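Reader: I would like a close look at one part of this model, starting with how its strands pair, and I would be grateful for a careful account that explains each term as it comes up.

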Amino acid sequence: MGKTLQEGWGAPEGSGCVMPSATYRLQLSPAFGFNRAEGVVAYLAELGISHIYASPIFKARKGSSHGYDVTDYGEINPELGTPQELDDLLSLAASKGLGWIQDIVPNHMAYTPENAMLMDVLENGSMSRYFGWFDAEWNHPNLALKGRILSPFLGRFYGDALEGCEISLVYGKSGFSASYYDIVFPLRVESYTQILLPGVKKLTKRLGENNPDLIKLLGVLYAMKSLSSGSNDTDPDERYEQTRFIKEMLWELYSGNTEIKGYVDQKVSSFNGKAGDPSSFDALDDLLSRQFFRLAFWKVACEEINYRRFFNVNDLIAIRAHEEEVFDRVHSLILSLTRAGKVCGLRVDHVDGLYDPAAYLSKLREKAGDLYLVVEKILAPEEKLPSSWPVHGTTGYDFLNRLNGIFCDARGEKTFDRIYASLCGLVAPYEELVFDKKRLIMGKEMAGDVDNVATLMIEAASGFRHGRDITSYGLKRAIVEVLAHFPVYRTYIAESRFSDEDKAYIKSAIDDAKGTMPGLTYEFDFLGDFFLGYRDELKEERQARRMEAIMRFQQLTGPLLAKAFEDTVLYVYNRLLALNEVGGSPDRFGTPIEDFFAFLKDRQRSWPYSMNATSTHDTKRGEDVRCRINVLSEMPLEWERCLRRWSRINRSRKRLIEGYPAPDGNDEYFLYQMLLGAFPLCDSEFSTFIERMKGYIVKAVREAKVHTAWLKPDLEYEEAFVAFMEAALGDAAFIDDFLPFMRRVAFYGAVNSLSQVAIKVASPGVPDFYQGTELWDLSLVDPDNRRPVDFIKRAQMLEDIKRRDGSPALIDELLSGWIDGKIKLFLIYKGLKARKDHERLFATGYFAPLTVRGKLARHVVAFARKGADEWAICIAPRFTSSVVPEGAWPIGEVWADARVILPKGAPKAFDDAITGIHIDAVKAIQVSVALKRFPVALLIGRA
């Protein structure tokens, strides 16, 4: 069980750290920096937010729209503003009663010339101060990578790029570099002699032996030769000093002596060959082969790589945050802000990418003290967050998917299966699809990562007497199969820690793999022993290699599952797109309400301060897109009729590509769901919507990796799909048929959205709101969900709501004008006000599911929060398309005999925090009374 506030992971009284009651995610960017963020602080405080939850603020790659491509942990991103402007923002937030939770990125940095520490490594190799920073295998078995780090950024094969004059030698104040468009990597100083020494005798003749500048140049060359001889290898500081001297003196000579400048320029020119003459590039090729980096075609990293990436992103290089020096440097700035009381919470990005997450979090907790701490952790449906972690919980994907699932009507599953199979052809079973996509990713995009882990495990295996007859080929095949069957994102095995849960996950993966490839039984059995046994047989050194192999294996399972599931399966298995979400399980058609209540009960008991999200910057679609698409589960037969009509109407718009229609049936099915889910309700947004959908379609089909992919785009298929959508949306026959059904779905989706807000606000945990979602959130996947937010509009709406709060006319207006989303803003405001007014009740109150009776019982979600002398009861409808006709809100007498049964000890009277209605109740609350004026209720009573 996770530690609660009182048990030690919270803020002891007097510590100055206040647990959040509601968080709001702000996406900072060059277009929305600290000064712009100041303009929304007052609005968020008025809304009822307790803590701003901000995207990374460290120096990042220029123009970064998200901040996860960090280049310097010790500097505030100047594109967001100055340190003083950040300080002003934090002070303003504090003056309005808002805390600040900061997103940190301890797993990786940007692989870019802007990363000065990485460039230092590329220039100085093992003599660099930062050599141990980056997670690279310098002793790689491939000789082409031994002592060098792969730099996979070329747009075509190295030889072609070199002979195409795309790679060149350049000289500047910072020394000699290799240039490829905007990529400029420094050369090791030892190789300067290779450039400057040949031909120096001719320069001597021109300048004369006694020329003072020549003497200085010869002194520089001597210093270079001294470095090349290795005489200074044992003294890094002296090497840095000599390097500085060499660069400064050479630049001084270059800038002040025209003869020397001409000489250097001529030498640079001689290395940069001539197009059409391959041999003219030999010198540059040889020079590059002597560097600490190896320029390569970007696709090489898919099959051969010697540094760990963030997932499969070549330009994000992992760091070794488990090393003391690296940890301290990475966290020095952020910890100075926490110690000063300016930041009171941290969100750890991609915790599963870390070498030993448990050890990292313990160290962070020790250094940071009793502040609010959550991790971005994706949990499988039955998986639990490790109870020993000193955190307050996760960023809320577990809550998101369980809450979303209760709005999917499970009774429609078999009909949906039939519809999906008949309209899209035979679809592989879901589990088989996941396994296949894992194998695809391992073969096409992460083969090099798999090879590296396999090499480590094979090397470690040689230390076991039972492993000596296992071939590298056989063991690698077994490892691949175990990876394909791994049931969770990762395990957390360490030298002194091996939980029963981790053992079960390892055993499950090996057993399932053994069932599919019995010919490798011996190899699988050996892997079982490798993970679960053999601890006493090995000497210390071999045991260390075994643990290193296990740790690297664990760092690979998460990225593999993320790429195969989140970025592939979720774009292929399209039965009901509302279920296709990060941390979700699309094969589970809905969440039984009993399971949802059990989850909330455990949350209140174990993780009362875990975040409850419904949208994030990583979700596959906006929360209200999901709310709409879930409505289809309530009306499968009508959905089927629409699909068949739309398919007939648009059939002629498909193109034949190699005899097959484009888009195919699965992609067309995908498109209609997304159009229903994201179609704007205001005509003025239509043209923008089409442009957004164009980009989204291309991203979606590339992620699916069926007809096209990022690695090998099929532009013909992509263009055919985009053209199909444009033609359909431009055709009156389709639009006239589509719009009425879309509006109907949108209305019931709005009801779902209001219920979702009410449940989120009242549930155990901390309700988290992603920027802009106070109104209808019809965003697509990133980068669409990072579009600018109109905060002025929201602030004006909120001001009007507060001014007219309590007026019956306001609620009537909100219900009739629901299209503008103001009704959702109103509910959030009222719900957060109730949380603030009854803070202890919602923070620590006992959670209790409530029984609903009557013929519409399954359409009502009801639960209570019980405090010392206060109660809160949430009542929210679902599956309302069969309860009321379109346009009629599910309020009042439509609920007939539906009633919420009150437990013993409950209050006899309640006031609705949303509408102010007073309700007297003895044994039950009539739903028709609770929802007399508004579609949801949050009732507060005192026992």
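Author: Two strands are said to pair if DSSP finds at least two bridges between them; strands themselves are DSSP runs of E with at least two residues, while helices are runs of H or I with at least four residues, and both are numbered from the N terminus. This is a predicted model, in which local features need pLDDT of at least 70 and side-chain atom pairs count only at pLDDT 80 or more, whereas totals for chains, interfaces and linings use all residues. Residues are numbered from 1 along each chain as its sequence is written, and side-chain values use heavy atoms, with hydrogens and water left out.

With that in place, strand β7 (residues 149-154) is joined by 5 bridges to strand β11 (residues 293-297), and these two strands run parallel. Within this pairing, L150 stands opposite R294 of β11. Strand β7 is largely enclosed by the rest of the structure, because 6 of its 6 residues are buried, a term that means under 20% relative accessible area, with exposed meaning over 50% and partly exposed in between (1.4 Å probe, protein chains only).

A second set of strands pairs in the opposite sense: 3 strands make up an open sheet in the order β22-β25-β28, with antiparallel pairing. Its edge strands, each pairing on one side only, are β22 (852-853) and β28 (924-926). Strands β22 and β25 are joined by 2 bridges and run antiparallel, and R853 is found opposite R899 in β25.

The loop that leads from β24 (870-877) to β25 (899-901) holds T880. With 0% relative accessibility, T880 counts as buried. Once its neighbours within four places in sequence are set aside, T880 is in contact (heavy atoms within 4.5 Å) with E634, Y748, V751 and P890.

For a helix to set beside these strands, consider α20 (residues 521-532), whose 12 residues should span 16 Å at 1.5 Å a residue, and whose end C-alpha atoms are indeed 16 Å apart, which agrees; the expected span is 1.5 Å times one less than the number of residues. The buried residues of α20 include the phenylalanines F524, F526, F530 and F531, and E523, L527 and G528 of this helix are buried as well.
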